[in-house]
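Here is a small set of exercises to work through with the model open beside you. Try each task before reading its solution.

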Amino acid sequence: MSNLYVFMVLSLTFALLVIFLRNPVYAVFCLTLVFVNTFCILLCFQASEFLAVLILIVYVGAVTVLFLFAVMMTDTSNVFHKNINTPFEDTIIKIKFVLG
């Protein structure tokens with residue numbers, strides 16, 4: 001049961017990194033780790049192996065590759081060169097968006 005809590009904390013940590021990372025490639029990588037941790041959480045419940053393998057194949061195999069392809073096809077060169085007045089302005093906007 002303690003492995004379940006470790007995977008839950010890791011999944012929440014990587015999910016927060018998906019929100020707060022500025023580089024979209026790193027965000028997709030963290031999203032992949034969220035999917036893998038979801039797979040591990042479902043394996044902790046021994047009655048849902050089929051669902052765990054299905055999530056691993058569909059989400060990690062297909063959706064992550066699709067997201068990575070979409071990120072690679074977009075032009076993000078001008079996004080990283082914008083001027084921000086305060087270093088935490090972008091983070092504050094994301095926190096306001098998440099909290100509603």
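**Exercise 1. Find how many helices and strands the protein chain has, and give their order.**

Solution. Start with the count: this predicted model has four helices and zero strands in its protein chain. Next, read from the N terminus on, and the elements run α-α-α-α. Then look at how the chain folds back on itself: of the contacts with a separation of 6 or more, 64% join residues 24 or more positions apart.

**Exercise 2. Work out which helix has the highest mean pLDDT and which has the lowest.**

Solution. Begin with the chain as a whole, where the mean pLDDT is 81 and 83% of residues reach 70 or more. Now go through the elements. Helix H1, residues 2-20, comes out highest with a mean of 91, while helix H4, residues 89-99, is lowest at 74. A reminder for reading any such model: where pLDDT is low, the coordinates should not be read in detail.

**Exercise 3. Identify the residues of the largest nonpolar core and the helices that supply them.**

Solution. First list the members: Phe 39, Cys 40, Leu 42, Ala 52 and Ile 55, five residues in all. Then assign them to elements: helix H2 (24-44) and helix H3 (49-73) each supply at least two. H2 gives the most to this core, with three residues. Finally, take Phe 39 and set aside its neighbours within four places in sequence; Phe 39 is then in contact with Ala 52, Val 53 and Leu 56. For the wider setting, buried residues make up 23% of the 100 residues in the chain.

**Exercise 4. Locate the nonpolar surface patch and say which helix gives the largest share of it.**

Solution. Step one is the overall surface: the protein chain exposes about 7,400 Å², and carbon and sulfur atoms supply 74% of that area. Step two is the patch, about 700 Å², made by Leu 16, Ile 19, Phe 20, Ile 95, Phe 97, Val 98 and Leu 99. Step three is its origin: H1 and H4 each supply at least two of these residues, and the largest share, four residues, comes from H4.

**Exercise 5. Decide why Ile 95 counts as partly exposed.**

Solution. Place the residue first: Ile 95 lies in helix H4. Its relative accessibility is 38%. Buried means under 20% and exposed means over 50%, so Ile 95, at 38%, counts as partly exposed.

Definitions and conventions. Residues are numbered from 1 along each chain as its sequence is written. This is a predicted model: local features need pLDDT of at least 70, side-chain atom pairs count only at pLDDT 80 or more; totals for chains, interfaces and linings use all residues. Side-chain values use heavy atoms; hydrogens and water are left out. pLDDT is the predictor's confidence in each residue, from 0 to 100. A nonpolar core is a set of buried Ala, Val, Leu, Ile, Met, Phe, Trp, Tyr and Cys residues joined through side-chain atoms within 4.5 Å. Buried means under 20% relative accessible area, exposed over 50%, partly exposed in between (1.4 Å probe, protein chains only). Contact means heavy atoms within 4.5 Å. Patches are made of residues with over 30% relative accessible area and no salt bridge: like charges are joined within 9 Å, nonpolar side chains (Val, Leu, Ile, Met, Phe, Trp, Tyr) within 5 Å. Accessible areas come from the Shrake-Rupley method with a 1.4 Å probe; for residues, only the protein chains shown count as cover. A salt bridge is a side-chain nitrogen of Lys or Arg within 4 Å of a carboxyl oxygen of Asp or Glu.
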